Amino acid sequence: MAIFKDRHYFRVKLDKDRDDSLWMRCKSCGELVFKRRVRENNNICPYCGEYFFLTARERLESLIDEGSFVDISRPIVAGDPLEFEDTKPYPQRVEEAQEKTGLPSAIILGQATVSSIPVVMGVMEFQFIGGSMGSVMGEQICHGMEEAIRRRCPFVLVSSSGGARIQEGIFSLLQMAKTATVRGQLAAAGLPFISVVTYPTTGGVQASIASLGDVIIAEKGTMIGFAGRRVIQTTIAEELPKNYQTDEFALAHGQIDRVIGREGLREELGDALSFFVEAVR
Amino acid sequence: MNDERTLDLLETKIRELRELNKTDGIDLSSEIERLEKKLEAMREEAYANLSDWERVKLARHAQRPYALDYIGTLFTDFFELHGDRIAGDDRALLTGLARLEGRSVAVIGQQKGRSTQENKERYFGMTRPQGYRKARRILELADRFGFPVISLVDTPGAYPGLESEEMNIGGAIAENLLLMARIRVPTIAVVIGEGGSGGALAVALADRVLMLENAVYSVISPEGAAAILWKEKERTKEAAAALRLTAPHLLELGVIDEVIPEPLGGAHKDFEATSAALKASLLQQLGDLDALSAEDRIKARTVRYRGMGRYRTLPG
């Protein structure tokens, strides 16, 4: 999505089938790096510490106990409720995203353990149409929270999204209402929701489910906020500070609980969850 | 609606003729009648098949009735409550108590300005975090005392700006959604003009969602969609059509409950009739909601929003 071009954040394809070169150049520091070393280092440049994008699968693996994941997503894919066509038909856009990511939608949902604590966890895939929240993502998030209620375990959502899936029109907007509604039920059932925000968490996702965590943990280097830099500059032409919508900005303004580097995120999540173990029983 | 100016011109001419008829003593009544019929026919032709983009323009019309206009006619004794108790008093979102046919209700109204000065004060109708938090206050108050909530929705969107972000506008919207999903009192939202994305939804999660015939409600403005998806600002008309943002479309899609008819040419052409139609619908809908217990209302609201979305289920 063009909105994010202003930041030098980029993705490295680590999939060997698509790109079999062993080396890559870090666009941040310019160093030539052995790709396997990057992969083993959570997609962080070993020289300058730049974070490269993690796919949803990589993100999931980086957070949960090895081999603990079981997919519990519903077998659903995007419809085309508005028969929407911009520069290409929406179904084609979805298909291309499916091919690109190997995922049916912009979210993975499953049960897993984190530091041996059972959780239901959703992880958004930014490479799937900007991680935008359409009907499928909204449904999977709600299904996840309902499964958490049924299994009596915490719900964890790792966000990475540009916001609403515009191609689904009003239905995408209403996913904000839908996820907030079921989030209320999770709270009523006395189950914790840990919201993990990663680069980027904006728009409709930030203005709904991602902001409703009992605890909100941000990955260092994230971007979190409602209206993107470009929206503000084109609508009201306001000068924005350099740290606009950064983790530092969100923490300073009281919008998130904690900021933690990628390498510490797994432990951080386990620590956060550990406080709720007794309460959930 | 290139025709609107022509129509208005004709209307003025008729008025002038009528004046002339009175003062000059020349009998022009047949001529006037002829012109009036012609005007009516032209109006019908112009407005019977409004394109989606034309409805967007009507929803944003400079003379369109705003929340305070409706508050003045739907209710008696509007008693405004100011401020979010934290940071300020948003003039783009008003809250207060009022009486609807003698009954105490809580009112939320997103308010645009008419003059430049007023628009400055009201941020062109764009709600800021102070506004959403003020709405939250009135929602909680309503819930404590059993007042039904009537929310008049009219905003281009939440105010995008540094100050909004510093005050966590996204979080404020999210908190409102959470609250509106679970309050015990009956809630009715009416989109009277522009239902601009999350900025509108934040006060529109309700038991019943009504729309005036020429109001629009969308995840993004046609201009925004054109810029992001088509990468061409000129494609706004196409975007307006693609988004299905008009009241008739949204009724058909099953996301709103009722469309309140407007006179030809829009609500501003006959505000009293529009307001009367809206009031009749409000009373009817509220009566239906009153018949349910709080538990049943919450259950129905939950089912309604839990079920929002369209997707394909894979076989097997």
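Select Leu139(B) in this predicted model. Beyond its neighbours within four places in sequence, Leu139(B) is in contact with Val149(B), Leu179(B), Met180(B) and Ile183(B). Add Val149(B) to the selection. The two residues sit 10 residues apart along the chain, and their C-alpha atoms are 7.3 Å apart. Now colour residues 129-145 of chain B. This is helix 6, the home of Leu139(B). Is Leu139(B) buried or exposed? Leu139(B) counts as buried because 23 C-beta neighbours lie inside 10 Å; the cut-off for buried is 20 or more.

Next, go to chain A. Select residues 1-53 for domain 1 and 54-280 for domain 2. Their C-alpha centres lie 22 Å apart.

Now pick strand 7 of chain A, residues 155-161. How many of its residues are buried? The count is 7 of the 7, so strand 7 is largely enclosed by the rest of the structure. Look at one side: Phe155(A), Leu157(A), Ser159(A) and Ser161(A) are buried there. Turn to the other side: Val156(A), Val158(A) and Ser160(A) are buried too.

Show strand 6 of chain A, residues 117-124. It runs parallel to strand 7 of chain A, joined by 4 bridges. Find Met121(A), which stands opposite Val156(A). Trace the chain from strand 6 through helix 4 (residues 135-151) to strand 7, all in chain A: this β-α-β crossover is right-handed.

Last stop: strand 8 of chain A, residues 193-202. Strand 8 is also parallel to strand 7 of chain A, with 6 bridges between them. Here Ile194(A) is the bridge partner of Val156(A). Add helix 5 of chain A, residues 169-188. With strands 7 and 8 of chain A, helix 5 makes a right-handed β-α-β unit.

Notes. Residues numbered from 1 in each chain as written. Chains lettered and ligands numbered in written order. Predicted model: local features only at pLDDT ≥ 70, side-chain atom pairs only at ≥ 80, totals over all residues. Domains from an automatic or database assignment. Helix = DSSP H or I, 4+ residues; strand = E, 2+ residues; numbered from the N terminus. Buried ≥ 20, exposed ≤ 12 C-beta atoms within 10 Å, placed from the backbone. Contact = placed C-beta atoms within 7 Å. Pairing = 2+ DSSP bridges. Right-handed = clockwise from strand over helix to strand, strands pointing away.
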